Each structure stands twice: as structure tokens, then as C-alpha cells.
Amino acid sequence: MKKIFLIIGAVLLLASVVFYNFGGLDVYLLNKMNRSELPEKYKNYQYIDSTKSIRFGHHEINLMWKSYTRIQHVISSEGNVIIVTNEIPKDRNRKEVEEDGSVGSTRFYMDYHFYKLDKDGNIKDRYTYKSTRENWNELLFGDFIVNYDKKYYRTWIKDGDTVRKQMIVQNEDLKWSREKQNTEYQNITENADDYLRESKSGSDRVTYYMNGKWYQLYIDRKVSGKYSMTNPGYNNSLFGTDPFGERKLDPGRFPNIMPVYFQRKVLDKSTCSASGGAISTTSKSWNGDLYCQLLVKGDTLKFKKAMSFNENFTTEKFYNTKGEDIRKLKAELEKQYLPYLYFSDKNLNFQLFTTTENKLYLIKPVQ
């Protein structure tokens, strides 16, 4: 009889362990034990994801743009800030738009909106490009909007003109000698204002701007020389962020922004299904609010944003942190999550800010 009780006890213990780990009992108990009250000094922090203007001191912040993908921004040579957003079209063939992007990740039918801001943050001009499957590649390139595939450019950024202007095409039939190709490409890498070398079928294509003119040169792939960096049309950001680049730890990156508190709300458990017969994995995450302070010329914006910290490497340090201890992880938090981004320039009377790269806020002095 004693042996039977031992067996029953072992079975019950095993069942309890399994239910605790896989049935959600651990999450249930941890949520019940999470009774932390938000300190009074943080109760006036607010979400800024609103169309309403939020005033703080002598400044106000406004959510100005939302975009389907990350918003791009540059400063032109004339000191204007150029903003580029995009959205799924609402005024085109519904069937084509709905089918677009169903295979693969590229969406061809998009509306791209270009905005030109003066030094006070006012929109002084705008231009919309409606991309299609046949023509979907107008991109920022310095002070121009360039379409590499269709071999044209627009000077709207410089002078407001949206008319297409054709590039000068060189050696498209690849009849130049190897020596001439090498000489010309070396001249481009040394003297062009900007250039981009891309591999195309059977050859390389070099798009470049030199002496006030746009060119496209076709060369043999064996032509040696310095390659340009990644396509400038996709990575324009005044925040200094590259979505495809490696993030570095920089304690002084945003000296005027401080994460001050993390309020745990709900603990969740998720299961990641594995393919090929491998064992599925489960992990827990604390969902809550990150409380932050943004200082702008003596005024402080107190804001909060939703955050989630997973227990797995490399984010377990944030998962195990709560309350004001998050302050100690400021640099690591910015490197891992980019929870906020900020840009200011001495020649501009406004600042750019965001908590996610497909939205953009303007901060201006209150008039």
C-alpha cells in the first residue's frame, strides 16, 4: 500500500511540474504576485501616440506623419528637411492592390509622399509618386529623386520641378574597350559627387552625378575599383539609424532622453513551433510601459510607451529589471530596442522625434 501511495505521489508531482511549466500555472502565479503600484510621480506621464498636440513648457509635440514602412528624412543642400512616407493606395484598382504583395514581400502599388519643410518645420511643398508594377523605383539620391531602372531623375528637391529628366546613358551595349571602362570608372570613383554601382544581368550599372549632370555607365563586371556603399535611396535617416547595420553601444547617443521607470503589467508565455521535427520552445515576456523623460531647451516631456521584454538571451537583463532599475540599462536599452529617436540641428527651429520608425513627430516652440 505504501508503494502505491509513493507511485501516486510521484505521478501527482510530475503532473504538477508539467502543468507549472507547460500549462501556464507559472505565468498565472507570477501575474498574481505582480502587485507593484505605479508611484505617484509617474502617473502624469502620457502616451504620445495621438493626433492631439501635447504641450510641455514652452514647446509642443505633434504626430505629423504615419507610414506603411519606415519614414525617411534628409536635409537638402539648401537646408530644407525632406520627409518621405508611403501608404497603400486608396484610389486605384482595388483588385490589383489587394493582390499586390500576396507573393513575396515587395509591394509595387504604393503612394510615396515627399514633403519639403522650411527651417521652422512648415511644409513648403509636396510631391506624390504613385508606383506601379511597371515603374516602382523613385528614390532619394542626394538633392534628387532618381529612378535607376527607367533612367530618369527629378529636380523637385532643388527647385520644385517634378518633370522627368533623362540621364545620359553610356556604354549600354558594352562596346567600350576594357581600358576605357577602367579609366572612366576610376574617374567616377575619384570625382563624382555621388555614385552607385549595382550588378545587373551580364554587367554592372553605375549611376552617378558629376558636373551638374546625371549619368548611367554600363561596365564589365571584371572592371576593378572601389564599390559604393549600400543604395542611398533606402537608408536616409537623420536619426543616424541603419535598419540593416550593426547597432553599437553609445552611452552618449541621446543625452537629453532618460528612461526612468518600467512598469510591469502582464506576463505572457509564447511557444515557438519548430520545423523538421525539432522540439518547440517556450519563453516568457513581461509586457508593460516604459516611462521616459525628453528634455528640450529646459522643458521636459514626460511620456510612456508600451514595451515587452523577453527572458531569452540577449534580452534577459531587461526581463529581470523592473521599476527605476531600468535607468542603469539606458545605453543597452537604446542599442537593443531603439525605443526612441531624436534629431536636432542648430539651423532648424524644430526637432524630430519618434518612438517607432514608421511615425514621425515634430517638436516646436509654442507661438
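Just after helix 7, L338 takes a positive phi of about 45 degrees, in a model that is predicted. Helix 7 itself spans residues 330–337, and it is one of seven helices that, together with 21 strands, make up the secondary structure of the protein. Of the 367 residues, 43% count as buried, and among the contacts with a separation of 6 or more, 56% are between residues 24 or more positions apart.

**Helix 7 and its surroundings**

- The buried residues of helix 7 are K330, A331, L333 and E334; because they cover an arc of only 165 degrees around the axis, they sit on the same side of helix 7.
- These buried residues of helix 7 pack against strand 16, strand 17 and strand 18, and also against helix 6, which comprises residues 316–319.

**Helix 5**

- Helix 5 runs over residues 178–191, and its 14 residues should span 20 Å at 1.5 Å a residue, which agrees with the 20 Å that separates its end C-alpha atoms.
- Q181, E184, Y185 and I188 are the buried residues of helix 5, and they line one face of the helix, because they fall within an arc of 100 degrees when seen down its axis.
- An α-helix has 3.6 residues a turn, so residues three or four places apart point the same way.
- E179 and E190, by contrast, are exposed on the other side of helix 5.
- The partners against which the buried residues of helix 5 pack are strand 13 (194–200), strand 14 (203–210) and strand 15 (213–219).

**Strands 16, 17 and 18**

- Strand 16 (residues 257–272) runs antiparallel to strand 17, and 14 bridges join the two; within this pairing, Y261 has Y291 of strand 17 as its bridge partner.
- Strand 17 also pairs with strand 18 (residues 299–310), again in the antiparallel sense, over 12 bridges, and here C292 stands opposite F303 in strand 18.
- The hairpin of strand 17 and strand 18 has two residues between the strands, and in this hairpin K297 takes a positive phi near 50 degrees.

**Nonpolar cores**

- The largest nonpolar core has 44 residues, and the residues with the most contacts inside it are I61, L294 and F353.
- Strand 17, which covers residues 281–296, contributes the largest share of this core, namely five residues.
- Once its neighbours within four places in sequence are left aside, F353 is in contact with I48, I61, F239, I257, L294, F303, Y340, L341, Y342, L360, Y361 and I363.
- Another core, of 13 residues, lies apart from the largest one, and V74, Y129, I145 and W156 are among its members.

**Two open sheets of four strands**

- One open sheet has the strand order 4-5-6-7 with antiparallel pairing, and its edge strands, each of which pairs on one side only, are strand 4 (72–75) and strand 7 (123–131).
- Neighbouring strands of this sheet, with direction ignored, are turned by 15 degrees against each other on average.
- Within the 4-5-6-7 sheet, strand 4 and strand 5 (residues 81–87) run antiparallel and are joined by four bridges, with H73 standing opposite I83 in strand 5.
- A further open sheet has its four strands in the order 8-9-10-11, with antiparallel pairing; strand 8 (138–141) and strand 11 (165–166) stand at its edges with a single partner strand each, so one side of each is left without a neighbour in the sheet.
- Four bridges join strand 8 to strand 9 (residues 144–147) in an antiparallel arrangement, and L139 stands opposite V146 in strand 9.

**L238 and its contacts**

- L238 is found in the loop between strand 15 and strand 16, and although L238 and Y342 are 104 residues apart in sequence, their C-alpha atoms are 8.6 Å apart in space.
- Not counting residues up to four places away in sequence, L238 touches H73, V74, I75, V81, F343 and L352.
- Two of these contacts can be placed further, since H73 is the residue opposite I83 in strand 5, and V74 belongs to the core of 13 residues.

Notes: Residues numbered from 1 in each chain as written. Predicted model: local features only at pLDDT ≥ 70, side-chain atom pairs only at ≥ 80, totals over all residues. Heavy atoms only, no water. Expected span 1.5 Å × (residues − 1). Buried < 20%, exposed > 50% of the residue type's maximum accessible area, 1.4 Å probe, protein only. Arc of directions from axis to C-beta. Contact = heavy atoms within 4.5 Å. Pairing = 2+ DSSP bridges. Axes fitted to C-alpha atoms, helices over the stretch in contact; angles between N-to-C directions. Core = buried A, V, L, I, M, F, W, Y, C linked by side-chain atoms within 4.5 Å.
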